[in-house]
Amino acid sequence: MSLTRRTLLAASGAGAVAVGGAACGSGGAMDPSAPLDIDVADADLSGSIALLTPDFVGDDRAALDDDVIAPFTKRTGVDVSVDQVDWNKLNEKISTGIAGGIIADVIMTGVGWTQPFAEKGIFAEIPADFIESLGYDESVLVSTRYDGRYYSLPQALDLRFIGFHPELLEKRGIDSAPESLDELAQAAAELTGDGVVGLDFLSGSAGSARQAFVFLLYAFGGTMFSDDGLAPRLQEEPGRLALQWMLDCMDTGAIDYSIQAAEGQPSPFQQKTAAMSLVSTGNWPTWQTMTPDLCEKGAVGTFLLPSGVDADPVMFQGGTFISISSLSKNKDAAAAFMKHMLDPDILGKASAATGKVPPTPDIPETEGIRSNLLMTFGLENLPYAGATEGGSAAYMEVRSNLDGIVETCLTGRASVDQTLADMKKLCDGAISRI
């Protein structure tokens with residue numbers, strides 16, 4: 001899609017953008033419609049590029065500079081500058097850059113972000129033959145496409161599933177993982193009592209109320225949007241079942257909405273006041289620091305979220321995806337750096353630093369990866385990582401408002417019917433403004 005005044009205005013929410021204006025990097029004249037060339041020889045690369053990333057913060061930045069960027073610069077001679085921004089400011093940063101015509105050449109965003117920015121012509125198309133050559137599982141490519149074409153690639157995944165304390169389940173005579181959502185609700189109710197909640201699904205240590213709802217939506221066989229992204233689906237029967245399942249568990253005490261992980265403190269699951277919990281692969285570094293006993297082999301059990309409709313279990317997929325700016329003046333170097341970041345050796349080094357899961361198990365095995373029990377479980381179950389946010393070019397607007405709608409239902413301020421109607425109204429309005 002070419003950059004039009006309408007799409008750029010919609011992307012930035014600001015004044016007109018000069019398509020011929022400046023952009024990061026160096027090279028020839030800017031041509032937003034120019035396709036990426038993934039196979040330019042290193043000797044033909046030059047100049048500089050800019051990387052916008054919400055990852056590699058704190059001590060992890062050294063790994064980005066020394067283990068990821070330095071080898072690329074040494075091999076190609078291309079300098080890479082880094083613009084680091086918090087996740088909660090990333091959308092604003094990109095939109096501001098679009099409005100000013102100055103945006104990074106390589107952009108790292110989240111699941112569900114690809115379609116909105118691809119629709120506005122901000123992300124360059126990535127050749128399908130290159131993506132097919134990577135051999136990635138289809139589950140991790142679902143969020144990379146818009147209108148049948150690829151505009152991003154996964155670089156690091158944040159996967160979510162259920163963790164449990166084996167000794168607490170054994171105490172209640174539960175000796176196998178639930179095979180359905182009904183069985184999970186029953187087990188959670190049996191585990192509740194004596195100061196322990198059966199299932200911590202909403203404390204925020206592994207996501208938000210919005211993401212918990214989306215996870216269950218997929219477990220009940222639903223999706224957020226139609227295949228073309230132009231009609232909402234989350235208000236249909238699977239959405240009703242997802243909300244009602246949480247409410248029913250709250251009625252039995254199996255899920256306690258009031259349980260919250262205090263800032264900087266161990267989660268209820270870490271404190272063993274929750275027998276089971278929604279956990280994220282990103283929890284591992286926190287466990288290592290705060291509760292290292294949980295990182296010992298056999299200390300925590302894991303299983304995928306079972307289906308509510310007699311289908312396969314599911315794993316929730318968040319993470320960080322790489323895109324190339326269509327505004328880049330140095331697309332060849334930007335594409336080469338994206339390809340470099342997806343090299344198995346580089347993926348392994350990045351994962352060791354951030355604790356996030358590489359998008360493929362085909363990376364060099366290291367002790368850090370081998371000993372990370374959450375990461376290894378996620379890698380073993382990548383084909384089930386189909387529960388994702390997004391699916392529509394309107395999703396960025398929906399994303400910022402959906403949490404409040406779900407929370408209103410869970411706190412008893414709106415019925416399930418009203419909540420589903422509010423979800424549809426939110427989505428319909430956002431889609432009408434694409």
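**Aromatic contacts and pockets**

Phe303 is buried, at a relative accessible area of 6%, where buried means under 20%, exposed over 50% and partly exposed in between, with a 1.4 Å probe and protein chains only. This is a predicted model, in which local features need pLDDT of at least 70, side-chain atom pairs count only at pLDDT 80 or more, and totals for chains, interfaces and linings use all residues. Residues are numbered from 1 along each chain as its sequence is written, and side-chain values use heavy atoms, with hydrogens and water left out.

The structure holds 11 aromatic pairs, counted when ring centres of Phe, Tyr or Trp (its six-membered ring) lie within 6.5 Å, with planes under 30 degrees apart called stacked, over 60 edge-to-face and the rest tilted. Phe164 and Phe303 form a tilted pair, 5.8 Å centre to centre with 40 degrees between the planes. Phe164 is likewise buried, at 17%. Ring pairs also link Phe269, Trp284 and Trp287 into a cluster.

Turning to the pockets, the largest has a volume of about 1300 Å³; a pocket is an open set of points on a 1 Å grid over the protein atoms alone, where a 1.4 Å probe fits, with protein on both sides within 12 Å along at least five of seven lines, and lining residues have an atom within 4 Å of a point. Volume here is the space filled by probe spheres set on the points, which are joined across faces, edges and corners. Its lining comprises 43 residues, of which Asp55, Trp87, Asp158, Gly282 and Lys356 lie nearest the centre.
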